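Open the structure in your viewer and keep the selection panel at hand. This tour goes from one stop to the next.

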Amino acid sequence: MADVKHGSEMPHRTDPRDPKFMSAEAAYDLSNLSNKVLLFTGPTSGLGSGCMEQLTLTDFKPAKVILVGRSASKLADTSKMLESAGILTSTYIADVEKPKAVIQCCKQIVADEPVIHIAALNAGAWLTDKTRVMQEDGYERHYCTNFLQMCLFIDYLAPTLSASATPSSRSRIAVMGSFTSFGMAKGNLAFEHLQKGQDGPYYLMQEGGYPYAQTKLAQHVYCKQVAPSLAAMNVDINVACPGSVPSNTPGWLNIKRKVPNCMWGCVWSMVGARYLNEGAATIMHLCGAASMEGKSGKYADFGYQHRYHRLTIPVDLEFYPSNKGKVAPTTANPALRDKLYAETADAMSALKAKYA
Ligand SMILES: NC(=O)c1ccc[n+]([C@@H]2O[C@H](COP(=O)([O-])OP(=O)(O)OC[C@H]3O[C@@H](n4cnc5c(N)ncnc54)[C@H](OP(=O)(O)O)[C@@H]3O)[C@@H](O)[C@H]2O)c1
């Protein structure tokens, strides 16, 4: 592939005298992956496929990758690619829009996989429904696809991750969040957007953009809230922003459909777009960088308005380095974090009882 770049080959701009930034060597370090067991959701296209490509290229290969996706044939292709690079794999199928499938998948993983050192929760989608569409349990689709499934994976996998931590290496959860949580949602969680039922609001900012951004913000808020209790189990949780990466998500496919080919280059540069393997850098940093050992509740944002990476040292989750360090009001508010946590715990309990 012509655009394969990894490590310090990626375009980056930074100031070595400024303590906010790290060196390229530290930013693209993947040494923590060596011989680990990595679980990865959504590895079959888009940013996930960029991450899988990085795994085949790095010298610090994991021993095994547990692949979670919705398509058996795409999982088989990804597995083949990793195995030909000498990495063991196992595969599990779940459509993450369906809590029933997620719960069954998590239970199977917990039964089959005694060791998981790192869980990279990347699966998600910018859906483009023009009205509020409910999935089979009566939730708005973005809520399940981006947020609830992440919470279920954290809940089910935490004990295995905890048991897999060692005195020299804590376990990690790396979540694929998004700059849209500030760019579109302004860091203010509109709880009524997440509520169950047809009557909830569906404010649109581009097709599906605002509901998408709300569920990505919910990820950030929830991760900030659970970080201390997970840390007590020797599991650290951090959130990544990949930047703007034309992928197969419906939101991007919609943009690609609307923009004539001759204009694509302009759009690419206006939004600071990156290739898939470049966008993969932040979540790979959270999984693989030695400097992330013992760090939790952080946000890795290497910038999104330009194609190059600003190698900002991960910051506390409520801050947005690409937005002049502005603070997300909900992420910073303990009472609102509690509210989201309590409402999510109720939703998960009801679904676990329903699908026991
Ligand atoms: N692209 C961007 O600019 C951008 C920016 C910020 C954040 N993100 C986040 O990055 C993550 C990856 O998205 P992407 O842009 O790479 O999109 P993508 O190309 O559509 O890839 C998404 C991955 O998640 C899987 N997935 C989607 N819906 C699923 C479902 N209902 N059940 C099971 N798996 C599902 C996809 O599986 P299939 O291969 O079967 O489709 C694919 O492997 C998402 O969490 C997204 O919110 C993306």
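The stops below run from the ligand to a strand, its partners and a nonpolar core. Keep in mind that this is a predicted model.

**Stop one: the ligand.** Select the ligand and the 28 residues around it. Gly42, Gly46, Gly124, Ser247 and Asn248 come nearest. Now colour the shell by class. You should find 15 polar, eight nonpolar and five charged residues. Which helix gives the most to this shell? Select residues 46-57: this is helix H2, and it supplies three residues.

**Stop two: strand S7.** Select residues 235-241. Is this strand mostly covered or mostly open? Mostly covered: seven of its seven residues are buried. Look at one face to find Val235, Ile237, Val239 and Cys241. Turn to the other for Asp236, Asn238 and Ala240. Both faces are covered.

**Stop three: the partners of S7.** Add strand S6, residues 171-176. It runs parallel to S7, and six bridges join the two. Pick Ala174 and its bridge partner in S7, Asn238. Next add strand S8, residues 298-301. S8 also runs parallel to S7, with three bridges between them. Here Cys241 stands opposite Asp301.

**Stop four: the nonpolar core.** The largest nonpolar core has 94 residues. Ala119, Ala120, Val175 and Ile283 have the most contacts inside it. Helix H5, residues 141-164, gives the most to this core, with 11 residues. Finish on Ala120. Leaving aside residues up to four places away in sequence, Ala120 touches Leu38, Leu39, Phe40, Ala174, Ile283 and Cys287. Ala174 is the S6 residue you paired with Asn238 earlier.

Methods. Residues are numbered from 1 along each chain as its sequence is written. This is a predicted model: local features need pLDDT of at least 70, side-chain atom pairs count only at pLDDT 80 or more; totals for chains, interfaces and linings use all residues. A residue is near a molecule or strand if its C-beta atom, placed from the backbone, lies within 6 Å of it. Helices (H or I, at least four residues) and strands (E, at least two) are DSSP runs, numbered from the N terminus. Ala, Val, Leu, Ile, Met, Phe, Trp, Tyr, Cys and Pro count as nonpolar, Asp, Glu, Lys and Arg as charged, and the others, Gly among them, as polar. A residue is buried if 20 or more other C-beta atoms lie within 10 Å of its own, exposed if 12 or fewer, and partly exposed in between; C-beta atoms are placed from the backbone. Two strands pair if DSSP finds at least two bridges between them. A nonpolar core is a set of buried Ala, Val, Leu, Ile, Met, Phe, Trp, Tyr and Cys residues joined through C-beta atoms within 7 Å. Two residues are in contact if their C-beta atoms, placed from the backbone, lie within 7 Å.
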